[in-house]
Each structure stands twice: as structure tokens, then as C-alpha cells.
Amino acid sequence: MEEPIIDVRDVTFAYGAVNVLENVSLAVNRGEFLGLVGPNGSGKSTLIKVILGLEQPQSGDIRLFGKPSSQFRAWSRIGYVSQKANRFNTSFPATVFEVVSTGLYGKLGLFKRLSRQDRRVVYDMMDRVGLSTYHKHLMGELSGGQQQRVFIARALVSQPDLLILDEPTVGIDAESVDRFYRLLEDLRNEYDLTILLVSHDIGVMTAKVSSVACLNKQVHYHGDPEAFNARQDEILSRTYGHDVRMLEHSH
Ligand SMILES: Nc1ncnc2c1ncn2[C@@H]1O[C@H](COP(=O)(O)OP(=O)(O)OP(=O)(O)O)[C@@H](O)[C@H]1O
């Protein structure tokens, strides 16, 4: 059987004395669209950083595309949209084309000029995410939903096999969120993408993904959305440590 695209095995991670991940094991198979949920501070972003090699776990192993992450070099196979992308300084005078092009630097090196073929890939990806008429626009002129599509295009220009998105729908209106999920579904079918997406919006997300994982220092659930929905109250109160519905209704 093919090895998982991401294979996290018994990973423990702490910032100083603060334990953030405890014996986390999570495998993401090719073509899977995994939605990762958990309360604030439950270690979701940290797990992503550990997967991407940006933080080193105290113990455990990570394998990417069947290789130990210490030996993995093909980082352009992974597209990443960080939480920080939402906080992009939109007064910085960069055009959509320029921002999307930076997604190729991992492959090209920072100071290499774009070839005609590279530029075509950038234009194609802007088309693909519905920004074909915006390539000369400054980032600050775009709506939140449009900016988010720029960051997705940037993550996709290197034609990755795996796309990791950390809370990409924060601050985006419902219509753009809907459009965003349709775009992901199309891209997934078209490019055979594997997707790992962190979201706080459990209701919307579980309706779109092929599997759900619940994290709070430990993995409390990993399985299909149907089984998750059937046992949602139990799984979420285990993960969040209280009755989530009561919390939602209280404000
Ligand atoms: N660089 C850091 N140094 C020290 N502690 C950190 C650092 N980054 C995160 N933490 C702490 O680690 C814990 C997990 O944080 P993390 O950002 O991984 O959680 P999260 O589930 O992504 O949260 P959120 O949903 O709020 O983004 C939190 O208690 C956080 O305060």
C-alpha cells in the first residue's frame, strides 16, 4: 500500500515547559481532504509547523511522501498558506502578479528572473482562482476573499501535491467561504491534491472535507465526517473539554 503523504508518528512537542503536542499520531493519505479542528491554543498551528520542519519535536517522527522529514528536500511539493497570510500588510505596494510569483521562488531561488513559462504558470493560476482581471491590482485594493485567493494561488504555482491551509477563511464573508471550498474541491479533482485545512468553523468545514481530525494536545478523533457528525457532541466535548453547543449558545 502507498505510504501516507503526511505521517506523524507519536510526536511530542513543548515550547519550554509548556507541552503543546502529546504523542500525536496522524496519517494523511493521498487525495485526502483533512479538516483539523480544536480549541484555541490546542496545538494546530504547532502541528503544522512541526510537519513543515519549522519546529523540531522533542520526540516522535514525521514522514513526508514516504521519507523521514530530515531527508525530505522536495519542499516545493508542499504549498502552505499560513495564518499570517491573513495579516498581510496590504499597504505594502505589491501587485497580485508579484505576490503570486513569489510562490515560485522556492523552486527558482530568490533572485532568478521569471522565464516566459514561469509567467504563464503564474497567469494560469491567477485565472484558475478567478483573479485574471486583477493581476496588476495592488493587494490593498482587493477584498479579503480576493486576497485569500491570491495566497492560495501563490501556494499553488509551484504545482504542489499537498496544500496546507491554516485558518484560511477567518474574516471572510459567507459567500467567499462557499466559493473558496468550491475552488478547493475543483483543484483537488483537477490536480489530485491532498489538503490539510485548519478551521474553527466546524459546521461548514465538516460538510466539505473527506475526513476530520480533532486535536487538543492529543488527537481525539480522526475519521470520516459522517461518523464525526453522528458522534459530534461526544467527540467535541472530549476535545474541547466542555459542552460546545452550550458555549455557542451563550453568546
Ligand atoms: N512561539 C511560541 N512560543 C511559546 N509558546 C507558543 C509559541 N507558539 C505557540 N505557543 C503556545 O503553544 C500553544 C499552542 O499554540 P498553537 O498556535 O499551536 O495553537 P492553535 O491550536 O493553532 O491555536 P489557534 O486556534 O488559537 O490558532 C498555545 O498555548 C500557545 O500560546
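**Notes on the predicted model**

1. Seven bridges link strand 1 (residues 6-15) with strand 2, and the two run antiparallel. Within this pairing, Ala14 has Asn19 of strand 2 as its bridge partner. Please keep in mind throughout that this is a predicted model.

2. Stepping back to the sheet as a whole, it is an open one of four strands in the order 2-1-4-5, paired antiparallel. Strand 2 and strand 5 (67-68) form its edges; each has a single partner strand, so one side of each lacks a neighbour in the sheet.

3. Just ahead of this sheet's second strand in the order, a word on the chain start: Glu3 lies in the segment before strand 1. Glu3 counts as partly exposed, with 14 other C-beta atoms within 10 Å. Setting aside neighbours within four places in sequence, Glu3 is in contact with Arg63 and Gly66. For a sense of distance, Glu3 and Glu190 lie 187 residues apart in sequence, and their C-alpha atoms are 22 Å apart in space.

4. Now to the ligand. The residues around it are Tyr15, Val18, Val20, Gly38, Asn40, Gly41, Ser42, Gly43, Lys44, Ser45 and Thr46. By character, this shell divides into three nonpolar residues, seven polar and one charged. Strand 2 (18-28) and helix 1 (44-51) each contribute at least two residues to the shell, and helix 1 gives the largest share, with three.

5. Strand 7 (residues 162-166) deserves a look from every side. Five of its five residues are buried, so strand 7 is largely enclosed by the rest of the structure. Leu162, Ile164 and Asp166 point one way from the strand, while Leu163 and Leu165 point the other way, and all are buried. You may like to note that Asp166, a charged residue, is among these buried positions.

6. Which strands pair with strand 7? Strand 6 (residues 78-81) does so in the parallel sense, over four bridges, and strand 8 is joined to strand 7 by five bridges, also running parallel. On the strand 6 side, Ile78 stands opposite Leu162, and Gly79 has Leu163 as its bridge partner. On the strand 8 side, Leu165 is partnered by Leu197.

7. Strand 6 itself is covered on both faces: Ile78 and Tyr80 on one side, and Gly79 and Val81 on the other, are all buried.

8. Helix 4 (residues 116-128) comes next. The 13 residues of helix 4 should span 18 Å at 1.5 Å a residue, and its end C-alpha atoms are indeed 18 Å apart, which agrees. Val122, Met125 and Met126 are the buried residues of helix 4. These cover an arc of only 105 degrees around the axis, which puts them on the same side of helix 4. In general, an α-helix has 3.6 residues a turn, so residues three or four places apart point the same way. Across from the buried side of helix 4, Arg116, Gln117 and Arg120 are exposed. The buried residues pack against helix 2 (96-101) and helix 5. After helix 4 comes Gly130, with a positive phi near 80 degrees.

9. One residue of helix 4 is worth following further. Met126 is buried, with 23 other C-beta atoms within 10 Å. Not counting residues up to four places away in sequence, Met126 touches Val96, Val100, Leu131, Ser132, His135 and Ala153. Met126 and Asp166 are 40 residues apart along the chain, and 21 Å separates their C-alpha atoms.

10. Finally, helix 6 (residues 174-191). Its 18 residues reach 26 Å from the first C-alpha to the last, close to the 26 Å expected at 1.5 Å a residue. What is buried here? The buried residues of helix 6 are Val177, Phe180 and Leu184. Seen down the axis, they fall within an arc of 55 degrees, so they line one face of helix 6. The cover over these buried residues includes helix 5 (144-156), strand 8 (194-198) and helix 7 (202-206). On the other side of helix 6, Glu175, Arg182, Asn189 and Glu190 are exposed. Asp192 follows helix 6, and its phi is positive, near 55 degrees.

Notes: Residues numbered from 1 in each chain as written. Predicted model: local features only at pLDDT ≥ 70, side-chain atom pairs only at ≥ 80, totals over all residues. Expected span 1.5 Å × (residues − 1). Buried ≥ 20, exposed ≤ 12 C-beta atoms within 10 Å, placed from the backbone. Arc of directions from axis to C-beta. Contact = placed C-beta atoms within 7 Å. Near = placed C-beta within 6 Å. Pairing = 2+ DSSP bridges.
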